[in-house]
Structure formats: C-alpha cells, structure tokens
Amino acid sequence: RALATLAVQDRETSRYLLFDEHGELCGRQTGRDGTADMVRPATEIKALAFSGVHVISPRLLPMISEDGVFSIITTYLRLAGQKERIQAFRADEYYWRDLGKPEHVLQAQIDVAKQRLQL
C-alpha cells in the first residue's frame, strides 16, 4: 500500500536515500559522511543506494507538482515529508548493473560468462 516502492541496496554510492526502522523514506545523504537532509524524524536510519527501479501507485501521478526536468527523488522526499509512504525494497541479493555506458555492458557480459549471475 505504499505510494512508491524503491529497490535499494547496501552498497557504495555518492548519494544515499535514508530509510527509517520500518523501511520508509525519511531523507537523503550525499556521500557516506555527508550531512543528512531529513524530511521527517526517525529513530533508526539506514543509508541505502537506489537502483533506479521503482514501482509506483497510480495515486502518485496527480501528486507530482514539480515542473520541468526534475529528479523523481525530489518528489519522493517531498511526499515522504508529508507522511506519504515511500517504501524500501531490499534488493541486496540481486544482480544490478548500470548499462548506460559501453564499459558497463562489457562488464555485464564478463559477469555472465563467469556465471556471476543467473539468467
């Protein structure tokens, strides 16, 4: 029943989303030692990397008020600050790779050849 569910992993990145003890979005952080930008209070915080994969409820679409080009994370943070449920899905056990660059596609091919993932 979340407004959006985000596939996240516990891995190194330059940008983290922050989730509370219930796996709900409560802020973001740039870098592991960066300052947290909290949109709502939390007693326990887990910094996780967003994979770019998300499932959204149709209820989300009319709630988007940002104009022009914007990051959907801006919308998620705004809505989480308004007590909407933006939920984490822990995808740590799954193989994820950004395929936006030729060298990343090559690495995926190597990973398949070395059976680092199941097809």
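These are my notebook entries on a predicted model, taken down as I looked things up.

**Entry: the sheet**

I began with the strands. I found an open sheet of six strands, in the order β4-β3-β2-β5-β1-β6, and the pairing is mixed. I then asked which strands stand at the edges. They are β4 (36–38) and β6 (86–90); each has a single partner strand, so one side of each is left without a neighbour in the sheet. I also looked up the turn between neighbouring strands of this sheet, which is 45° on average with direction ignored.

**Entry: the helix on the sheet**

Next I looked up helix α1, residues 72–81, and noted that it packs on the sheet. Helix α1 touches β1, β2, β3, β5 and β6. I noted an angle of about 135° between the direction of α1 and that of β3.

**Entry: β2 against β5**

I checked one strand pair by itself. β2 and β5 run antiparallel to each other and are paired over three bridges. For L18 I looked up the bridge partner in β5, and that residue is A47.

**Entry: A7**

I turned to a single residue, A7, in strand β1 (residues 4–9). Is A7 buried or exposed? Its relative accessibility is 5%, and buried means under 20%, so A7 counts as buried. I listed its contacts, leaving aside neighbours within four places in sequence: A49, F50, S51, V53, F89, A91 and W96. One of these, A91, is 84 residues from A7 in sequence, yet the two C-alpha atoms are 5.8 Å apart in space.

**Entry: the largest pocket**

I looked up the largest pocket and wrote down its space as about 540 Å³. How many residues line the largest pocket? There are 16, and R11, T13, R15, F50 and S51 lie nearest its centre. F50 and S51 were already on my page as contacts of A7. I sorted the lining by class and got five nonpolar, six polar and five charged residues. By strand, β2 (15–19), β3 (25–30) and β5 (46–56) each supply at least two residues of this lining.

**Entry: K83**

Last I looked at K83, which sits in the loop between α1 and β6. Its phi is near 70°, a positive value in a residue other than glycine. I also looked up its accessibility: the relative value is 75%, and exposed means over 50%, so K83 counts as exposed. I set this beside A7, which counts as buried at 5%.

Note on methods
Residues numbered from 1 in each chain as written. Predicted model: local features only at pLDDT ≥ 70, side-chain atom pairs only at ≥ 80, totals over all residues. Heavy atoms only, no water. Helix = DSSP H or I, 4+ residues; strand = E, 2+ residues; numbered from the N terminus. Buried < 20%, exposed > 50% of the residue type's maximum accessible area, 1.4 Å probe, protein only. Contact = heavy atoms within 4.5 Å. 1 Å grid on protein atoms, 1.4 Å probe; cavity = no way out; pocket = protein on both sides within 12 Å on 5 of 7 lines; lining within 4 Å. Points joined across faces, edges and corners; volume = space filled by probe spheres on them. Nonpolar A, V, L, I, M, F, W, Y, C, P; charged D, E, K, R; others polar. Pairing = 2+ DSSP bridges. Axes fitted to C-alpha atoms, helices over the stretch in contact; angles between N-to-C directions.
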